[in-house]
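Hi,

Here is the structure I promised to pass on. Have a look at it first, and then read my notes below.

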Amino acid sequence: MADADPQTAPQPGFTPVSQEELDFLGTDPIPASAYYDPDWYELERKAVFLRSWINIGHVCEVPTPGNFIHRQLEFASASLLIVKGKDGELRAFHNACTHRGTRLVREAAGHRANFRCPYHSWTFGQDGALLSAPDFEGFNTTKEQCALKQVRCEVVAGLIFVNFDPDADALRPQLGDFADEMDTVPVARATEFSEYTYELNANWKIVYDNFQENYHLRFIHPRSGLGGTGPDNPFGYPTRYRFFGDHRGQTIWYNPETQPRGPVQIGGFMAAATALAGKGLMDTPHGREYFGLFPTFFMLGNPLQNFSHVVYPLDAGRTRGVIRMYWVGEAENATELFARQAGLTMMRDLHAEDIDVIEDGQTGLSSGALEHIHFQTQEALCRHLYNTVIDKVRALQAEAQ
Amino acid sequence: MTVLLPHGFEALEGFVDQWALTGEAARAAARSAATDEARARFYEAAQPLMEPALAHLDAKPIGSLEGADAKLMRLMLSLANVYHSVEVLGDQEAENARMRSRLKFTDHAPY
Ligand code: FES
Ligand SMILES: [Fe+2]
């Protein structure tokens, strides 16, 4: 692919990251119960999900003042309204009227000058302020006290994140080098996307872990995992790992000898590369990076595979996922539209191949048969996720004492 | 008789009913529901016409394809689904179809 960064260009004689470099993560087996026990999930829900930045959308969904999106976050039993205000600010609110809690919005997205509750007609502005309420004199409160309940909201690289913890540290400063790097990826300039979603019978960490190790590539994706493995690097391990606090990444190795499989795949790739190059998006400097933002977001920097993948826990053993391929600008012609569809097909087929092993892994663990699971050196990102979760749970428990 | 496809693409007219579908979800479902033979027949007819078809469509504004042109566009988008079964997955298609049915499109497609 057109990434010419000399630091990460494929080298003959690939050398995997050594265990020594990863010793700080530890080498012990991992307690299996963390991947199925409902009591443990309840701790995670409070210590991780109600206190971390969760990606729920992209700024291209709320381009003009009055645009809103409505998102259900099961782990918080919350319905959120993300609104672009007249002042251009993006704000997130609980989709709950402050009178008696009625949902203000049912549709997934739309445009409104203000938000009127259907029940007794309390009306809120795009900034959440209570503008009017019939017969308000009868209430023993003020309009100021009745503004919509706000949730923290932050945008990084065009991606919208929310956080239920009013005291959480801002996201961008946590991300180290990732923040500026993510700004160079097409997603930061995206104006539209294609999306597919799933619900899987598996713990959120089992789902997420599947997508942060390459050990399985050659077994699960022998045909569709184009360019992910090669003779120098039979498992397709990354060229480096990076850790920024809770967040983690890898630099993906691509087999330089990769040949597309047939004329349509070749045509699709060439058309996609031409369209991206025309928009100045092909030679992006961080096209080999995998950005994993704790707890549940990851994306690739590769402009040809600029997808994001977010998992949302439903309970200890069920997970909802949202995968999006982001596009900069509308397709300019039929060839570009065709190229986008060809890339989307490839990506969805690749993701589909992981489903059985994810759910079968859950079945095995949920039986309680295993006390521990094992992560090898090159499953370092899975280990880092587990370690980070443990840290969060312990911190919450320490605060409670 | 109604003209199904633009001049030069008559060879694809027999495929319009099964493959010239609107929306990502419908095209993906058609791909999965088809037999190996039906996918192969469509691929073999459409792949050699891919370049001329896209060239024909590229000459028109992409935002407002209509009638025969829109049908041809949809056929090409179905080709951009079916190719992956034929060129890449081969005999893994059935297993892949079973698993990928779990991945549901949120339909945004313009055609
Ligand atoms: S519950 Fe909304 S106005 Fe009464
Ligand atoms: Fe995989």
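A small one to start with: in which helix do R340(A) and E336(A) both lie, and how many residues apart are they? Both sit in helix α7 of chain A, 4 residues apart, or about one turn of the helix. Their side chains form a salt bridge, with N and O 3.2 Å apart. R340(A) is buried at 9% relative accessible area, and E336(A) is buried too, at 8%.

Before I go on, please keep in mind that this is a predicted model.

**The iron site**

Ligand 2 is an iron ion, held by NE2 of H216(A), NE2 of H221(A) and two OD contacts from D354(A), at 2.1 to 2.5 Å. Along the chain these donors are spaced as H-x4-H-x132-D. H221(A) is in the loop between α5 (217–220) and β13 (240–244), while D354(A) is in the loop between α7 (334–352) and α8 (355–366), so this pair ties together parts of chain A that are 133 residues apart in sequence. H221(A) and D354(A) are both buried.

What about the geometry? The 4 donor atoms of the iron ion make angles of 56 to 144 degrees, and the site comes out as irregular. It does not pass as tetrahedral because that would need all angles to lie between 85 and 135 degrees. Water is not among the atoms, so sites may look incomplete; I'd read the label with that in mind.

**Two domains in chain A**

Chain A splits into domain 1, made of 20–52 plus 169–400, and domain 2, which is 57–159. Their centres, taken over C-alpha atoms, are 31 Å apart. In the contact, domain 1 of chain A puts in 25 residues and domain 2 of chain A puts in 16 residues. Together the two domains bury about 1,500 Å², with 63% of that on carbon and sulfur atoms. There are 2 salt bridges across this domain interface.

On the subject of charged pairs, E74(A) forms a salt bridge with R320(A), with the closest N and O atoms 2.8 Å apart.

**Chain A against chain B**

Here 38 residues of chain A are in contact with 39 residues of chain B. The buried area between the chains is about 3,500 Å², and carbon and sulfur atoms give 58% of it. Which three residues supply more of chain A's share than any other three? They are R223(A), F338(A) and R348(A), which supply 19% of the area that chain A buries against chain B.

The interface of chain A and chain B has 4 salt bridges. D349(A) forms a salt bridge with R31(B), where the closest N and O atoms are 2.6 Å apart.

**More salt bridges**

Over all chains, the whole structure has 31 salt bridges. Two more from chain A are worth a look on screen:

- R45(A) and E42(A) meet at 2.9 Å, N to O. The two are 3 residues apart in helix α2 (residues 38–49) of chain A, so about one helical turn separates them. R45(A) is buried at 18% relative accessible area, whereas E42(A) is partly exposed at 29%.
- R51(A) and E399(A) meet at 2.7 Å, N to O. R51(A) is in the loop between α2 and β2 (54–58) of chain A and E399(A) is in helix α9 (residues 380–400) of chain A, so the bridge ties together parts 348 residues apart in sequence. R51(A) is partly exposed at 28%, and E399(A) is exposed at 52% relative accessibility.

**Backbone oddities**

Most residues other than glycine have a negative phi, and most peptide bonds are trans. Where does chain A depart from that?

- F294(A) and P295(A) are joined by a cis peptide bond, with omega about 0 degrees. P295(A) is in the loop between β15 (289–293) and β16 (297–300) of chain A.
- S121(A) has a positive phi, near 70 degrees. S121(A) is in the loop between β7 (115–116) and β8 (123–124) of chain A and is partly exposed at 23% relative accessibility.
- A157(A) also has a positive phi, near 55 degrees. A157(A) is in the loop between β10 (150–156) and β11 (159–163) of chain A and is buried, with a relative accessible area of 5%.

Cheers

Methods
Residues numbered from 1 in each chain as written. Chains lettered and ligands numbered in written order. Predicted model: local features only at pLDDT ≥ 70, side-chain atom pairs only at ≥ 80, totals over all residues. Heavy atoms only, no water. Donors = N, O, S within 2.8 Å, 3.2 Å for Na, K, Ca; no water. Tetrahedral: all angles 85-135°; square planar, octahedral: opposite > 155°, others 65-115°. Buried < 20%, exposed > 50% of the residue type's maximum accessible area, 1.4 Å probe, protein only. Domains from an automatic or database assignment. Contact = heavy atoms within 4.5 Å. Buried area = accessible area lost by both parts, 1.4 Å probe.
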